[in-house]
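Colleague: I am new to this structure and would be grateful for a close look at a single part of it. Please explain how that part is put together and what surrounds it.

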Amino acid sequence: MSRTIFDTPIISPLLRQCSRLGLRLFGWRTEGETPTVKKAVLIAAPHTSNWDLPVMLAVAFVFHVKLYWVGKHTLFHWPLGGFLRWMGGVAFNRSGAQNLVAKTAEIFQQKEELILAIAPEGTRAKVRYWKTGFYYIAQQAGVPIVMSFCDFSRKMAGVGPTFLPTGDLEADMQKIQAFYAPFRGKRQEQTGTVAIESK
C-alpha cells in the first residue's frame, strides 16, 4: 500500500507530538500498549459519531501504529478520495460481503505488515448486532484481532488484548462483549450491545 500520514517524513513525527498534546488538552487519557504483531484486524468500537475517527487516528499516532481503516466507498470520490487514502483510508463497498472477506484476507496474505481497523457496528446509528466480517477476515487471513476502544464517557482510549480467533464465534464474541461492556461512544444512546444474531 502507498505511503500514508503515519509514515510521511516530517509530518508524521510532528502529528505524533500534536496528537499527544491534543488528547491531553481535551482531557483524554490513553491506556494499553502498542501491539507487537505486524498484521492484525483492529476492532474500532464503539462507533457512534464522526469524532471517533480523529480520536482513533490520534491514538494510533500515540501508540506508533501505522493504521489503515475502512470507510464507505462513496467517501473516496474526488475531491477527498486521495486525501482519505493518505490518511490510511481503504474504500469499503458493503455489497457482496462474502467476496469482501475473501478479498481482504488475500490482501493480508500479500502484505508483510497491515493493521486494519474495522468498526463492527458498520454505522454510527445504533445497531442490535455487530457485523461479523471483521472476525471472518481475521480467521481466513490467519491474523489476530486487536481490541481497541474509544470511551467518551471517561475520555479514555487505547489498545486492549490481542487474540487469535478460535473458530468458535459465539465463545469469542462473549469475550469481546465482556471487554467492551464498560465503554460508551460519544452518543451514548447509540452505543449498541456487542452481540451476534441468533440463528
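To begin near the start of the chain, where does I10 lie? After that, please turn to the sheet and describe in what order its strands are arranged.

Modeller: I10 lies in the segment before α1, where helices (DSSP runs of H or I, at least four residues) and strands (runs of E, at least two) are numbered from the N terminus. Although I10 is not a glycine, its phi is positive, at about 70°. This is a predicted model, in which local features need pLDDT of at least 70, side-chain atom pairs count only at pLDDT 80 or more, and totals for chains, interfaces and linings use all residues. Residues are numbered from 1 along each chain as its sequence is written, and side-chain values use heavy atoms, with hydrogens and water left out.

The sheet is open and is formed by seven strands with mixed pairing. Read across, the order is β1-β7-β6-β2-β5-β3-β4; two strands pair if DSSP finds at least two bridges between them. The edge positions belong to β1 (29-31) and β4 (89-92). Each of these has a single partner strand, so one side of each is left without a neighbour in the sheet. On average, neighbouring strands are turned by 25° against each other, direction ignored.

Starting at the β1 edge, β1 runs parallel to β7 and is joined to β7 by three bridges. In this pair, T30 faces a partner in β7, as T30 stands opposite A157. The next pair, β6 and β7, is antiparallel and has six bridges. F149 stands opposite G158 in β7. β6 and β7 also form a hairpin with four residues between them, and K155, in the turn, has a positive phi of about 50°.

Further across, β2 (residues 39-45) and β5 (residues 114-118) pair in the parallel sense over five bridges. L42 is placed opposite A117 in β5. Helix α5 (residues 133-141) packs on the sheet and touches β2, β5 and β6, contact meaning heavy atoms within 4.5 Å. The direction of α5 makes about 170° with that of β2; axes are lines fitted to C-alpha atoms, for helices over the stretch in contact, and angles run from 0 to 180 degrees between N-to-C directions.

At the other edge, β3 and β4 run parallel and are joined by four bridges, with G71 opposite A91 in β4. Together with helix α3 (residues 81-86), β3 and β4 make a right-handed β-α-β unit. A crossover is right-handed if, with the strands pointing away from the viewer, the path from the first strand over the helix to the second runs clockwise.

Helix α2 lies across β1, β2, β3 (67-72), β5, β6 (145-151) and β7 (156-163). Its direction is at about 165° to that of β3.

Two loops that leave strands of the sheet contain a cis peptide bond. The bond from A45 to P46 is cis, with omega near -10°, and P46 is found in the loop between β2 and α2. The bond from W78 to P79 is likewise cis, with omega near 10°; P79 has its place in the loop between β3 and α3.
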